[in-house]
Amino acid sequence: MTARRRTSRHPTGISPLLLAIFLLIVGEQSVETASDYDPYKILGVSRSASHPEIKRAYKSLVREWHPDKNKDPKAEDTFIRITKSYEILSNEERRSNFDRYGQMDENQPFGQSQHHGFRSFRSSFYFDESFFHFHRDFADNKYLLHHAQFNSDVLPDSHKRPYLIKVTSDRCFACIHIEPVWKETVQELELLGVGIGIVDLGYERHLANQLGAHRAPSIIGLVNGRVTFFHQAVVREHLRQFIEDLLPYKLVEKITDNNYLTFLDNWHEENKPSVLLFDQVPIVPLLYKLTAFAFRDYVRFGQVDQGDKHCTRLLRQFNINTYAPTMMLFKEDTEKPVDIIQARGLKRQIMDEFVSNNKFLQVPRLINQQLFDELCPVKQFHRRRKYCVLLITGEDQAFLPGNKAFLDFASANKKDVLRFAYVYQRQQQQLCQALLHNQVSLSPQVVILERRTQAGKVLYRSLSGGWNGSEEDKYHLHEQLELLQKDPTYLSLDATLPELNNEMAPIFIIQWMNAAYDYILQIYDDLLYSNWREMMPILSLIFSALFILFGTVIIQAFSEPDENKPRKPKPKEQPETEGDASSRASTSSRPPKKNFVEVTELTDITYISNLVKLRPGHINVVLVLTNTSKNALLGKFAKEVFSFSGTQTLHFSFLNADKHCHWMPSLLRSTSGAAESEGHADEDEEPSDYAGYVLALNGHKKYFCLFTPVFTGDDPNDSSSENSYSSDSKRTSRSRSRSSSHSRSRSHSRENGAGPKRGSSRATSIEVHHKLDRLGLWMERLMEGTLPRLQVLAWPSLDESANSSRES
């Protein structure tokens, strides 16, 4: 009995000990496994590997161990480990945490044990739901689309900008593979104005069926409400080209010396302003195409290649700067642009603002109801009242003088409450009959109206005596507009206007052909890329119809050999061949990188944007030169300011003193006049040669700092050089210390070349290649903010006649 008891209790006593030993062994193995896990070893790279090396290794391993291609039972687990390793090493913060602490979970606090880190890693990696719902890790929630939102917002917006939509699901390993490329592409295209969307196949099945997407991952392009699937390799360049190919073919016209006059003069027929982009790239940038697509209903777009030899006359006529892209907008006057922007990096927001502020002609023609609603909106509040001055005229040659006089009157009377427009009586007969009381007028008439309701009710008043463009008619119209602004009840007549005819609408046959082309293209795409299991019912129906159609013909061919054989149907042409060719041509050349200082010439075109309207906080450093010293001074200037060219708030320009010889004296006279009023009447006269002078111009705060050439030769017998050098050193120390107001005023006068006459005469005799020797030190003081500032009341104009009239 006793032996039996001992035997029965012995296993019970040993079991807890064996269990503890087993758990200890398992725990040590887990620790060893955690310490052995090394993403560098998994990817086969060293710890000093760069990001491109890690990316290449990741791509190579993914192609080898993808579960769809590798049938090894361990392929799926290896693929997951490779993906997780790349996620750690591709993120700088997570890679640094792993190198320092061996930590792989970014939510784990620093300093925890390896065992806990590996346990957290295994639980989050294999069992955590957030790994399979991978889109949450990449902040895709803001791009998620719902069925109602898609139909109410995205579909209408696709007529203004293209959309790139990704169809994904919760447990999609291929989605993990394309996620890094998708994220890079979204960051690039979203800045250009492309809409981004994500459709979850599990939660938005109705929307996925509407798009025709039945598997994940799928990438879809949406333009003008039309859905197109992406079928190439998921690479950023392919996705970018896919969006570009979805845009209409002729959004931007190529402009040269031969066709630019025709392009600008076409505002009569198109009823739109024209925008010209001058750039040094032969292909049209995608950013410019997207802007043209958004405003294609309002503005016509053209692109000028500055490197094309057939554009020299065009560049010379508008004095285009070749160092930065330039956009010019033209309206009725084809010789002078109404607005210009010039910047090294044009952004979508700047381009949209530039075009939207000038999307109508000065006197546009009312060609549809949408244009009428935008030009002459319905009155909502008293302060937002808009009056529409409408000219009812004809399109014959006899009406041209009156139309031209109306345009001149509108150009001279630009007020926010007035909108000028005209209509052709033959094109808009119902509108003209409602305003002229069903009377056919043989002479042009001017009607002043104010819209009251969306239903078409207006208050109006006609100009008595008609309109022939005489000075008397202009005076009479001006008088009535003045009375109207004082007394809104001056409009005594009322009428209900019908909806305007759409003069630019295509005819029915063209609409039918466009719809047929889209339908055929959609069928071709479905047959080529869709799932054959889904296409089997359609294919069965097509083959049955073909068998019934040609069955009797084949039988007759065998029974009557003399009859002609039925001809084989022609193979379908691929309509996208031209687009693919253009895509290959567009990706073959790219703009070269610039490794030099961009210096813009101050001309009549760039003067306003580079100085007068310079953004707050920005400074334009301007070099004054002449025709003879241009090459030498520009080279020296570029070397001296090259180390400062990376500053975003500094711009560099040059002014040709031979072309604008009056500008520097006018600027210094305005400054010296201010100084004399403060008691500095002992300033010297102006030098005659300003070549080598450098000015730091702050256009917003209206002040500038002046650099004058200083002789830096080491001739010991030349006392003037010593005086110049010592005075310059004293000036530097005084400006840095700012000990007293007296020292500041003396530094002020010396720094701006207003010292003794001996110094100025010495500066004029300095050789050209020595004039900018001390510019680097001056630039350092400019960045420190220790240079004296000379205030100006207003910037002088580059036009000499304007300056003389202002001074008189």
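The exercises below, each with a worked solution, concern helix packing and an internal cavity in a predicted model.

**Exercise 1.** Determine how helix α3 is oriented relative to helix α4, and state which residues make the contact.

*Solution.* Begin with the geometry: helix α3, residues 51-65, and helix α4, residues 75-90, pack at an angle of about 165 degrees, and their axes lie 10 Å apart. Since angles over 145 degrees count as roughly antiparallel, α3 is therefore roughly antiparallel to α4. The next step is the handedness, and here α3 passes α4 in a left-handed crossing. The contact itself is made on the α3 side by H51, I54, K55, Y58, L61, V62 and W65, and on the α4 side by A75, T78, F79, I82, T83, Y86, L89 and S90. Sorted by class, the contact of α3 with α4 comprises 10 nonpolar, 4 polar and 1 charged residues.

**Exercise 2.** Characterise the crossing of helix α18 with helix α20, and break its contact down by residue class.

*Solution.* The axes of α18 (residues 400-412) and α20 (residues 471-486) come within 11 Å and cross at roughly 40 degrees, which means that α18 is oblique to α20. The crossing of these two helices is right-handed. Helix α18 contributes A405, F406, D408 and F409 to the contact, while α20 contributes K474, L477, H478 and L481. The final step is the division by class, which gives 5 nonpolar, 1 polar and 2 charged residues for the contact of α18 with α20.

**Exercise 3.** Describe the packing of helix α25 against helix α30, from the axes down to the residues that meet.

*Solution.* Helix α25 spans residues 630-641 and helix α30 spans residues 775-784; the two pack at an angle of about 45 degrees, with 9 Å between their axes. This angle makes α25 oblique to α30, and α25 passes α30 in a right-handed crossing. At the residue level, F637, E640 and V641 in α25 meet L775, G776 and M779 in α30. The contact of α25 with α30 thus has, by class, 4 nonpolar, 1 polar and 1 charged residues.

**Exercise 4.** Identify the lining of the second largest cavity, and name the strand that gives the most to it.

*Solution.* The structure holds 2 cavities of 30 Å³ or more, and about 30 Å³ of space lies in the second largest cavity. Its lining is formed by T326, I340, I341, Q342, I605, T606 and S609. Strand β9, residues 339-342, gives the most to this lining, with 3 residues. Classified by type, the lining residues of the second largest cavity are 3 nonpolar and 4 polar, with no charged residue.

Technical notes
Residues are numbered from 1 along each chain as its sequence is written. This is a predicted model: local features need pLDDT of at least 70, side-chain atom pairs count only at pLDDT 80 or more; totals for chains, interfaces and linings use all residues. Side-chain values use heavy atoms; hydrogens and water are left out. Axes are lines fitted to C-alpha atoms, for helices over the stretch in contact, and angles run from 0 to 180 degrees between N-to-C directions. Helices (H or I, at least four residues) and strands (E, at least two) are DSSP runs, numbered from the N terminus. Angles under 35 degrees count as roughly parallel, over 145 as roughly antiparallel, 65 to 115 as roughly perpendicular and the rest as oblique. A crossing is left-handed if the near helix is turned anticlockwise from the far one by less than a right angle, and right-handed if clockwise. Contact means heavy atoms within 4.5 Å. Ala, Val, Leu, Ile, Met, Phe, Trp, Tyr, Cys and Pro count as nonpolar, Asp, Glu, Lys and Arg as charged, and the others, Gly among them, as polar. On a 1 Å grid over the protein atoms alone, a cavity is a set of points where a 1.4 Å probe fits but cannot get out, and a pocket is an open set with protein on both sides within 12 Å along at least five of seven lines; lining residues have an atom within 4 Å of a point. Grid points are joined across faces, edges and corners, and a volume is the space filled by probe spheres set on the points.
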